[in-house]
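Colleague: I'm new to this one and would like to know where the labels come from. Could you take me through the reasoning behind them?

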Amino acid sequence: MNDADSELKVFSAILMQQYIRLMTAALYHRSEKKVIGASFKISAQNYAKMREDESQTSLIGLDLKYDEQQNLLHATPDAEFLEEFENNIMRDVALKFYDTNMHRYASYILLQE
């Protein structure tokens, strides 16, 4: 079991997908809605493992483009995704996630700002 404040030691595709979703939303709100989309550093192997997982629901509303040469994943949200995070509760969840989990998954994926 991992300590809640420590870096995650076991790969989880669902947690990586949730990280992408919430960090994309948090970045949008932290930029006062000026930055639409986010980039993540993730290895080709970890990206492939994440995409091979049968559950992809956390990625609904995100257009993903992966640059294998730079190991960068670009996530661009659609209008429905952004609308979901206009809700105060969802916005606050994303911002809290950003504050507490920025480096939690750094062995696997990391938001690029």
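Modeller: Here is a short walk through the labels, from the overall fold down to single residues. Keep in mind that this is a predicted model.

Colleague: Fine. What pattern does the protein follow along the sequence?

Modeller: The order is α-β-α-β-β-α-α-β. That comes to four helices and four strands.

Colleague: What makes the protein count as compact as a globular protein of its length?

Modeller: Its radius of gyration is 13 Å, and the globule rule gives 13 Å for 113 residues, so the label fits. The C-alpha trace spans about 30 × 30 × 25 Å along the principal axes. Buried residues account for 41% of the 113 residues.

Colleague: How much do distant parts of the sequence touch? I mean, which share of the contacts between residues at least 6 apart joins residues at least 24 apart?

Modeller: That share is 70%.

Colleague: And what about the surface and the charges?

Modeller: The accessible surface is about 6600 Å², with 49% of that belonging to carbon and sulfur atoms. There are 12 positive and 18 negative side chains, and the centres of the two sets are 4 Å apart.

Colleague: Let's go to a helix. Which residues of H2 are buried?

Modeller: Helix H2 covers residues 44-52, and its buried residues are Asn46, Tyr47 and Met50. Looking down the axis of H2, you find these buried residues within an arc of 100 degrees, so they line one face of the helix.

Colleague: Why would residues three or four places apart point the same way?

Modeller: Because an α-helix has 3.6 residues a turn.

Colleague: Then what is on the other side of H2, and what covers the buried residues?

Modeller: On the other side, Gln45 and Glu52 are exposed. The cover over the buried residues includes helix H1 (13-30) and the strands S1 (38-42), S2 (62-67) and S3 (72-77).

Colleague: Now Tyr19. Why is Tyr19 called buried?

Modeller: Buried means under 20% relative accessible area. Tyr19 has 0%, so the label applies. Tyr19 lies in helix H1. Leaving out residues up to four places away in sequence, Tyr19 touches Phe40, Phe97, Asn101, Met102, Tyr105, Ile109, Leu110 and Leu111. Take Tyr105: it is 86 residues from Tyr19 along the chain, yet their C-alpha atoms are separated by 8.2 Å.

Colleague: His29 is in helix H1 too. How do you know that His29 counts as buried?

Modeller: Its relative accessibility is 13%, and the cut-off is under 20%, so His29 counts as buried. Setting aside residues up to four places away in sequence, His29 touches Phe85, Glu86, Arg91 and Leu95.

Colleague: Glu86 is on that list. What makes Glu86 partly exposed?

Modeller: Partly exposed runs between the 20% and 50% cut-offs. Glu86 has a relative accessible area of 33%, so it is partly exposed. Glu86 sits in the loop between helix H3 (79-84) and helix H4 (88-101). Apart from residues up to four places away, Glu86 touches Tyr28, His29 and Lys33. From Glu86 to His29 the C-alpha distance is 8.9 Å, with their positions 57 residues apart in sequence.

Colleague: Lys33 caught my eye as well. What is unusual about having a positive phi if you are not a glycine?

Modeller: Most residues other than glycine have a negative phi. Lys33 has a positive phi of about 70 degrees and is not a glycine. Lys33 lies in the loop between H1 and S1, and at 41% relative accessible area it is partly exposed.

Colleague: Where else do you see a positive phi at a residue that is not a glycine?

Modeller: At Asn71, where phi is about 55 degrees. Asn71 is in the loop between S2 and S3. Its relative accessible area is 27%, so Asn71 is partly exposed.

Colleague: Last one, Ser43. How do you know that Ser43 is partly exposed?

Modeller: The value for Ser43 is 22%, which is not under 20% and not over 50%, so it is partly exposed. Ser43 is in the loop between S1 and H2. Beyond its neighbours within four places in sequence, Ser43 is in contact with Tyr66, Asn71 and Tyr108.

Technical notes
Residues are numbered from 1 along each chain as its sequence is written. This is a predicted model: local features need pLDDT of at least 70, side-chain atom pairs count only at pLDDT 80 or more; totals for chains, interfaces and linings use all residues. Side-chain values use heavy atoms; hydrogens and water are left out. Buried means under 20% relative accessible area, exposed over 50%, partly exposed in between (1.4 Å probe, protein chains only). Helices (H or I, at least four residues) and strands (E, at least two) are DSSP runs, numbered from the N terminus. The arc is that of the directions from the helix axis to the C-beta atoms. Contact means heavy atoms within 4.5 Å. The radius of gyration is taken over C-alpha atoms; the globule rule is 2.2 Å times the number of residues to the power 0.38. Accessible areas come from the Shrake-Rupley method with a 1.4 Å probe; for residues, only the protein chains shown count as cover. Lys and Arg count as positive and Asp and Glu as negative; His and the chain ends are not counted. The place of a charge is taken as NZ of Lys, CZ of Arg, CG of Asp or CD of Glu.
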